[in-house]
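Please walk me through this structure with a few questions and answers, explaining each term when it comes up.

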Amino acid sequence: MKNNTAYIRELAALAPIIPVLVVEDVAHAVPLAEALVRGGLPVLEVTLRTPAALGVIAAMATVAGARVGAGTLVTIADVEAAKAAGATFGVTPGSPVALVDACLAAGLPLLPGAATATEAMTLQARGFEVLKFFPAEGAGGIKTLKGLGGPLPGLSFCPTGGVTPENARDYLALSNVVCAGGSWIAPSNLVKAGKWDEIEERARHAAALPR
Ligand SMILES: O=C(O)C(=O)C[C@H](O)[C@H](O)COP(=O)(O)O
C-alpha cells in the first residue's frame, strides 16, 4: 500500500487539477492529451463512460508527459480492461471491497472514491491515504472535507464532482486536499469541436491555481 500511496501522491503533486474526460472519438485523444499537457495538466482521468474510452486511453498513453488513468471503474472487468488498455492508475466513484481487491490484484494504483466517514475509514484501514471525495459538492463539499479533517488527519482527498473554476481555489486551500478533479477544463462540446487552444488555455488557468 505504501507504493499505491506514493504513486498517487506523486500524481497529485504534478498538478492541482486532474481533468475528468469524457471522450467519444479516439481521433480526439492525442490532440486533447497534448493540449492538456501543454497547458500544464499532465494527469488525465479518462472516464469509461463512452465506447471509445479504452481506445482513448491507449492513444493518450503514447503522448509524451501524459499520465493517463481510467475513471468510472465500476466493475472488475473495467479494471482489467483499463489496465490492458494502458491506464497507469484507476479512479473509482465508490469503493466496494471486490473492486478495490481487483485493482490491487491488477497492480493498478488506485484513487478510490469515498463520500462518508465510514467509507474513508474503511479505505484507510486498508492502507489508502489519498481518496477521491465524490461527489464532492453533493456530499457536502468544503464543509464535509473540513469536518473529516478533524478525526481523520491522516487522509488526503481529491474532491471531484461539482468542482468549478469558481470554487476550486477554496477546495485547494484546505489542508487535507492535495488536488481536485473536474470536467470544466475539457468539456465535451469543446472536445467535439476540436477547440484545443481553448482547452490548453483552460488547462493553463487550472494549472496556475494555488494550493
Ligand atoms: O465518472 C466518474 O467516475 C467521475 O469521476 C465523475 C466525475 O467526477 C464527474 O462527472 C466530474 O464532475 P464535474 O466536474 O462536476 O463534471
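Ala, Val, Leu, Ile, Met, Phe, Trp, Tyr, Cys and Pro count as nonpolar, Asp, Glu, Lys and Arg as charged, and the others, Gly among them, as polar. This is a predicted model, in which local features need pLDDT of at least 70 and side-chain atom pairs count only at pLDDT 80 or more, while totals for chains, interfaces and linings use all residues. Residues are numbered from 1 along each chain as its sequence is written.

Q: How many residues of the shell around the ligand are polar?
A: A residue is near the ligand if its C-beta atom, placed from the backbone, lies within 6 Å of it, and among the 14 residues around the ligand, G71, T72, T160, G182 and S183 come nearest. The shell holds 4 nonpolar residues and 1 charged residue, and the number of polar ones is 9.

Q: Which strand joins β1 through 3 bridges?
A: Strands are DSSP runs of E with at least two residues, helices are runs of H or I with at least four, and both are numbered from the N terminus; two strands pair if DSSP finds at least two bridges between them. β1 pairs with β2 in the parallel sense over 2 bridges, and there L21 stands opposite V46. On another pairing, P19 stands opposite G182 in β9. The strand that runs parallel to β1 and is joined to it by 3 bridges is β9 (residues 180-182).

Q: Is T144 buried, partly exposed or exposed?
A: A residue is buried if 20 or more other C-beta atoms, placed from the backbone, lie within 10 Å of its own, exposed if 12 or fewer do, and partly exposed in between. T144 lies in helix α7 (residues 141-149). Because T144 has 19 C-beta neighbours inside 10 Å, this residue counts as partly exposed.

Q: Which elements do the buried residues of α2 pack against?
A: Contact here means that the C-beta atoms of two residues, placed from the backbone, lie within 7 Å. In helix α2 (residues 29-38), the buried residues are A29, L32, A33, A35, L36 and V37. They pack against β1 (17-21), β2 (43-47), α3 (53-60), α9 (188-192) and α10 (196-207).

Q: What is the radius of gyration of the protein chain?
A: The radius is taken over C-alpha atoms, and the globule rule is 2.2 Å times the number of residues to the power 0.38. For 211 residues a compact globule would therefore have a value near 17 Å, with which the chain agrees, its own radius of gyration being 16 Å.
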